[in-house]
Amino acid sequence: IKAEFSGGTKDTLVILRRAWEVRNKVKIPMAITNLLDSPRGDDRELAIVLWLVWATKSGGEVWEAYATWLPQPGSMATLLLADDRELRQLQDEDLAVEARELQATIAAAYARLPAINAAAMEMA
(Lines give C-alpha, C1' and ligand atoms only; values in the text may rest on other atoms or scores of the structure.)
Protein backbone atom coordinates (compact mmCIF):
# COMPACT_ATOMS: atom_id res chain seq x y z
CA ILE A 1 0.00 0.00 0.00
CA LYS A 2 2.92 2.31 0.73
CA ALA A 3 3.91 1.96 -2.94
CA GLU A 4 0.50 3.25 -3.99
CA PHE A 5 1.08 6.53 -2.15
CA SER A 6 4.66 7.04 -3.35
CA GLY A 7 3.58 7.11 -7.02
CA GLY A 8 2.07 10.58 -6.81
CA THR A 9 -1.42 11.03 -8.25
CA LYS A 10 -3.23 7.73 -7.70
CA ASP A 11 -6.99 7.92 -7.36
CA THR A 12 -7.99 7.65 -3.71
CA LEU A 13 -10.72 5.15 -4.54
CA VAL A 14 -8.23 2.85 -6.28
CA ILE A 15 -5.91 3.06 -3.27
CA LEU A 16 -8.71 2.27 -0.84
CA ARG A 17 -10.07 -0.54 -3.02
CA ARG A 18 -6.65 -2.19 -3.29
CA ALA A 19 -6.04 -1.76 0.45
CA TRP A 20 -9.42 -3.38 1.13
CA GLU A 21 -8.55 -6.30 -1.17
CA VAL A 22 -5.17 -6.79 0.54
CA ARG A 23 -6.70 -6.57 4.01
CA ASN A 24 -9.48 -9.04 3.22
CA LYS A 25 -7.40 -11.28 0.93
CA VAL A 26 -10.00 -11.23 -1.84
CA LYS A 27 -10.37 -9.63 -5.28
CA ILE A 28 -13.45 -7.50 -5.90
CA PRO A 29 -15.32 -8.76 -9.02
CA MET A 30 -14.58 -6.88 -12.24
CA ALA A 31 -18.24 -5.91 -12.73
CA ILE A 32 -18.19 -4.06 -9.41
CA THR A 33 -14.83 -2.36 -10.01
CA ASN A 34 -15.98 -1.20 -13.45
CA LEU A 35 -19.02 0.39 -11.86
CA LEU A 36 -16.82 2.01 -9.20
CA ASP A 37 -14.68 3.51 -11.98
CA SER A 38 -17.71 4.83 -13.89
CA PRO A 39 -18.09 8.59 -14.27
CA ARG A 40 -21.82 8.25 -13.50
CA GLY A 41 -22.80 8.78 -9.89
CA ASP A 42 -25.66 6.28 -9.98
CA ASP A 43 -23.28 3.59 -11.28
CA ARG A 44 -20.91 4.26 -8.39
CA GLU A 45 -23.76 4.17 -5.87
CA LEU A 46 -24.94 0.85 -7.29
CA ALA A 47 -21.35 -0.44 -7.11
CA ILE A 48 -21.13 0.40 -3.40
CA VAL A 49 -24.35 -1.50 -2.70
CA LEU A 50 -23.19 -4.49 -4.78
CA TRP A 51 -19.77 -4.37 -3.10
CA LEU A 52 -21.38 -4.48 0.32
CA VAL A 53 -23.69 -7.35 -0.64
CA TRP A 54 -20.79 -9.24 -2.23
CA ALA A 55 -18.49 -8.53 0.73
CA THR A 56 -20.93 -9.98 3.23
CA LYS A 57 -20.72 -13.27 1.32
CA SER A 58 -17.11 -13.30 0.08
CA GLY A 59 -15.20 -10.50 1.75
CA GLY A 60 -13.57 -12.37 4.60
CA GLU A 61 -14.35 -13.03 8.22
CA VAL A 62 -14.96 -9.40 9.21
CA TRP A 63 -17.65 -9.02 6.56
CA GLU A 64 -19.15 -12.43 7.30
CA ALA A 65 -19.42 -11.36 10.95
CA TYR A 66 -21.05 -8.11 9.80
CA ALA A 67 -23.60 -10.08 7.74
CA THR A 68 -24.39 -12.24 10.76
CA TRP A 69 -24.90 -9.12 12.87
CA LEU A 70 -27.40 -7.60 10.40
CA PRO A 71 -31.11 -8.25 10.93
CA GLN A 72 -32.31 -11.23 8.92
CA PRO A 73 -34.96 -10.64 6.21
CA GLY A 74 -37.73 -12.44 8.10
CA SER A 75 -37.11 -10.54 11.32
CA MET A 76 -38.14 -7.08 10.16
CA ALA A 77 -40.98 -5.58 8.25
CA THR A 78 -40.12 -3.63 5.12
CA LEU A 79 -42.21 -1.82 2.58
CA LEU A 80 -39.73 -2.89 -0.09
CA LEU A 81 -41.36 -6.32 -0.01
CA ALA A 82 -44.94 -5.08 0.27
CA ASP A 83 -47.19 -5.90 -2.65
CA ASP A 84 -49.73 -3.45 -4.10
CA ARG A 85 -52.56 -4.82 -1.94
CA GLU A 86 -50.54 -4.25 1.22
CA LEU A 87 -49.56 -0.76 0.13
CA ARG A 88 -53.22 0.11 -0.54
CA GLN A 89 -54.00 -0.92 3.05
CA LEU A 90 -51.63 1.67 4.47
CA GLN A 91 -53.34 4.65 6.00
CA ASP A 92 -50.50 6.91 4.89
CA GLU A 93 -50.72 7.53 1.14
CA ASP A 94 -47.43 9.48 1.09
CA LEU A 95 -45.65 6.49 2.61
CA ALA A 96 -47.24 4.16 0.05
CA VAL A 97 -46.11 6.44 -2.79
CA GLU A 98 -42.59 6.58 -1.35
CA ALA A 99 -42.50 2.78 -1.08
CA ARG A 100 -43.65 2.36 -4.70
CA GLU A 101 -41.01 4.85 -5.89
CA LEU A 102 -38.28 3.02 -3.98
CA GLN A 103 -39.45 -0.33 -5.36
CA ALA A 104 -39.37 1.13 -8.89
CA THR A 105 -35.86 2.53 -8.36
CA ILE A 106 -34.58 -0.82 -7.14
CA ALA A 107 -36.29 -2.65 -10.01
CA ALA A 108 -34.70 -0.26 -12.53
CA ALA A 109 -31.23 -0.78 -11.02
CA TYR A 110 -31.74 -4.55 -11.04
CA ALA A 111 -32.85 -4.44 -14.68
CA ARG A 112 -29.55 -2.72 -15.59
CA LEU A 113 -27.37 -5.45 -14.04
CA PRO A 114 -27.19 -7.79 -17.08
CA ALA A 115 -26.01 -4.96 -19.35
CA ILE A 116 -23.53 -3.72 -16.75
CA ASN A 117 -22.14 -7.21 -16.26
CA ALA A 118 -21.86 -7.76 -20.02
CA ALA A 119 -19.96 -4.47 -20.38
CA ALA A 120 -17.68 -5.44 -17.51
CA MET A 121 -16.90 -8.77 -19.15
CA GLU A 122 -16.03 -7.03 -22.43
CA MET A 123 -13.57 -4.79 -20.57
CA ALA A 124 -11.82 -7.74 -18.89
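Which residues make a nonpolar surface patch of about 380 Å²? Keep that in mind while you get your bearings; the model on your screen is a predicted one.

**Stop 1: the whole chain**

Start with a cartoon view of everything. The protein has 7 helices and 0 strands, and from the N terminus on its elements read α-α-α-α-α-α-α. Now switch on a surface. Its accessible area comes to about 9000 Å², and carbon and sulfur atoms contribute 61% of that. Of the 124 residues, 25% are buried. If you like contact maps, here is a number to go with yours: among contacts with a separation of 6 or more, 36% are between residues 24 or more positions apart.

**Stop 2: the nonpolar patch**

Select Leu 80, Leu 81, Leu 102 and Ile 106, and you have the answer to the opening question: these residues make the nonpolar patch. Zoom in on Leu 102, which sits in helix α7, the element spanning residues 93-123. Its relative accessible area is 43%, so Leu 102 is classed as partly exposed, between the 20% and 50% limits.

**Stop 3: a patch of negative charge**

Next, select Asp 92, Asp 94, Glu 98 and Glu 101. They gather on the surface as a patch of negative charge. Pick out Glu 98, another residue of helix α7. Is Glu 98 buried or exposed? It counts as exposed, because its relative accessibility of 53% is over the 50% cut-off.

**Stop 4: salt bridges**

Time to show side chains. Side chains of opposite charge can pair when their charged atoms come close. A search of the whole structure turns up 8 salt bridges, and a few of them deserve a visit.

Begin with Arg 40 and Asp 42, whose side chains meet in a salt bridge at 2.6 Å, N to O. Both ends are partly exposed: Arg 40 has 42% relative accessibility, and Asp 42 has a relative accessible area of 35%.

Keep Asp 42 selected and add Arg 112. Here is a second salt bridge for Asp 42, at 3.7 Å from N to O. This pair links distant parts of the chain, since Asp 42 belongs to helix α4 (residues 41-58) and Arg 112 to helix α7, 70 residues apart. Colour Arg 112 by accessibility and you should find it partly exposed, with a relative accessible area of 26%. Now add Asp 43 to the selection: salt bridges with shared partners join Arg 40, Asp 42, Asp 43 and Arg 112 into one network.

For another pair, select Arg 100 and Glu 93. Their side chains form a salt bridge at 3.8 Å, N to O. Arg 100 is partly exposed, with 27% relative accessible area.

**Stop 5: a buried threonine**

Finish at Thr 33 in helix α3, which covers residues 30-36. Why does Thr 33 count as buried? Its relative accessibility is 9%, and the limit for a buried residue is under 20%, so Thr 33 falls in that class. Which residues does Thr 33 touch, not counting those up to four places away in sequence? Show Arg 17 and Ile 28, and you will have both of these contacts of Thr 33 in view.

Key: Residues are numbered from 1 along each chain as its sequence is written. This is a predicted model: local features need pLDDT of at least 70, side-chain atom pairs count only at pLDDT 80 or more; totals for chains, interfaces and linings use all residues. Side-chain values use heavy atoms; hydrogens and water are left out. Patches are made of residues with over 30% relative accessible area and no salt bridge: like charges are joined within 9 Å, nonpolar side chains (Val, Leu, Ile, Met, Phe, Trp, Tyr) within 5 Å. Accessible areas come from the Shrake-Rupley method with a 1.4 Å probe; for residues, only the protein chains shown count as cover. A salt bridge is a side-chain nitrogen of Lys or Arg within 4 Å of a carboxyl oxygen of Asp or Glu. Helices (H or I, at least four residues) and strands (E, at least two) are DSSP runs, numbered from the N terminus. Buried means under 20% relative accessible area, exposed over 50%, partly exposed in between (1.4 Å probe, protein chains only). Lys and Arg count as positive and Asp and Glu as negative; His and the chain ends are not counted. The place of a charge is taken as NZ of Lys, CZ of Arg, CG of Asp or CD of Glu. Contact means heavy atoms within 4.5 Å.
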